[in-house]
Amino acid sequence: YFSVISVYEKEYLSNFMDSEKIKLEQGRKHFDDWKPIDKTEARNKLGINPNKKVIIYIGYYYPLKGVDVLLYAFKELKRMYDVELIMIGGKPSDPLYHLVIESGAIEFGRVPNNELTLFLSASDVYCASVFEGTWIKFGGTSTAIIEALACNVPVVSNQLIHFPTDEWKKVGEIPKNGEDVI
């Protein structure tokens, strides 16, 4: 038996063995540990305006993970809406760190995993705007996406293709390109 996190892995292995012996699994999280907190309380603790729409991203600040596309979408959204972008997980040596700072996003750097529920609960949507490459093919539904969903935060990401059913339609959107992210 094989446990895989990517539909591509499952399809590939199906060429060599019975697909019944391949299980698509995601986000091994204990959901009892991942409960949302009140959005107003979370925003107050973080100093975020309760009237703004808040996008969140968690991960390194790399093009591989679509951070460049997210920053473009944020720039465009700021022209139309009162919106904030929370960025977590980057460090100054990341290739797009300087663009994150220049964008006006609220950059929190590295945050202990057990504190992420506060940031996720303060958010209206999680966005990982990757469209191609190895991260989409083999990254599965990332842990950050599973954590966002556990905190009742909808997701905009191509990684939702790895959901084992079409239930992803109830929890988010799969964008086709940068304009679709907006």
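Q: Where is Gln159 in this fold?
A: In this predicted model, Gln159 sits in the loop that links strand S7 (155-157) to strand S8 (172-173).

Q: Is Gln159 buried or exposed, and why?
A: The way to read this is relative accessibility, and buried means under 20%. Gln159 comes out at 1%, so it counts as buried.

Q: Which residues is Gln159 in contact with?
A: Skip the neighbours within four places in sequence, and Gln159 is in contact with Ala128, Trp135, Ile136, Gly139, Gly140, Thr141, Ser142 and Ile145.

Q: What about Leu13: buried or exposed?
A: Same cut-off as before, under 20% for buried. Leu13 has 18% relative accessibility and therefore counts as buried. You'll find Leu13 in helix H1 (residues 7-14). Apart from neighbours within four places in sequence, Leu13 is in contact with Phe2, Val4 and Ile22. Take Phe2: it is 11 residues from Leu13 along the chain, and their C-alpha atoms are separated by 8.8 Å.

Q: Now the helices. Why do the buried residues of H2 line one face?
A: Start with the general idea: an α-helix has 3.6 residues a turn, so residues three or four places apart point the same way. Helix H2 (residues 39-46) has Ala42, Arg43 and Leu46 as its buried residues. Look down the axis of H2 and those buried residues fall within an arc of 95°, so they line one face of the helix.

Q: Which exposed residues are on the face of H2 turned away from the buried side?
A: That face carries Asn44 and Lys45.

Q: And what do the buried residues of H2 pack against?
A: They pack against strand S3 (53-58), strand S5 (106-109) and helix H5 (116-121).

Q: How do I read the two ends of H2?
A: At the N-terminal end, look for a cap. Here Asp38 does the job, with a side-chain oxygen 3.2 Å from the backbone nitrogen of Thr40. After H2 comes Gly47, and its phi is positive, near 70°.

Q: On to the sheet. What is the order of the strands?
A: In general, strands of a sheet pair through backbone hydrogen bonds, either parallel or antiparallel. In this model six strands form an open sheet, ordered S5-S4-S3-S6-S7-S8, and the pairing is parallel. S5 and S8 are the edge strands, since each pairs on one side only.

Q: How many bridges join S4 and S5?
A: Three: strand S4 (residues 83-88) and S5 pair over them in the parallel sense. Within this pair, Ile86 stands opposite Ile106 in S5. To get from S4 to S5, the chain goes through helix H4 (residues 97-103), and this β-α-β crossover is right-handed.

Q: What about S3 and S6: how many bridges there?
A: Two bridges, again in the parallel sense, between S3 and strand S6 (residues 125-128). Ile56 has Tyr126 in S6 as its bridge partner.

Q: Last one: which residues touch the most other members of the largest nonpolar core?
A: That core has 47 residues, and Met87, Leu120 and Tyr126 touch the most other members. Helix H3 (residues 67-80) gives the most to this core, seven residues. Besides the largest core, there is a second, separate one of five residues, including Val4, Val7, Ile22 and Leu24.

Q: Which residues does Met87 touch?
A: Leave out residues up to four places away in sequence, and Met87 touches Tyr57, Tyr61, Val67, Leu70, Val100, Ala105, Ile106, Glu107, Phe108 and Gly109.

How values were computed: Residues are numbered from 1 along each chain as its sequence is written. This is a predicted model: local features need pLDDT of at least 70, side-chain atom pairs count only at pLDDT 80 or more; totals for chains, interfaces and linings use all residues. Side-chain values use heavy atoms; hydrogens and water are left out. Buried means under 20% relative accessible area, exposed over 50%, partly exposed in between (1.4 Å probe, protein chains only). Helices (H or I, at least four residues) and strands (E, at least two) are DSSP runs, numbered from the N terminus. The arc is that of the directions from the helix axis to the C-beta atoms. Contact means heavy atoms within 4.5 Å. A polar contact is a pair of N or O atoms within 3.5 Å; within protein, one must be able to donate a hydrogen and the other to accept it, and residues adjacent in sequence count only if both atoms are side-chain atoms. A nonpolar core is a set of buried Ala, Val, Leu, Ile, Met, Phe, Trp, Tyr and Cys residues joined through side-chain atoms within 4.5 Å. Two strands pair if DSSP finds at least two bridges between them. A crossover is right-handed if, with the strands pointing away from the viewer, the path from the first strand over the helix to the second runs clockwise.
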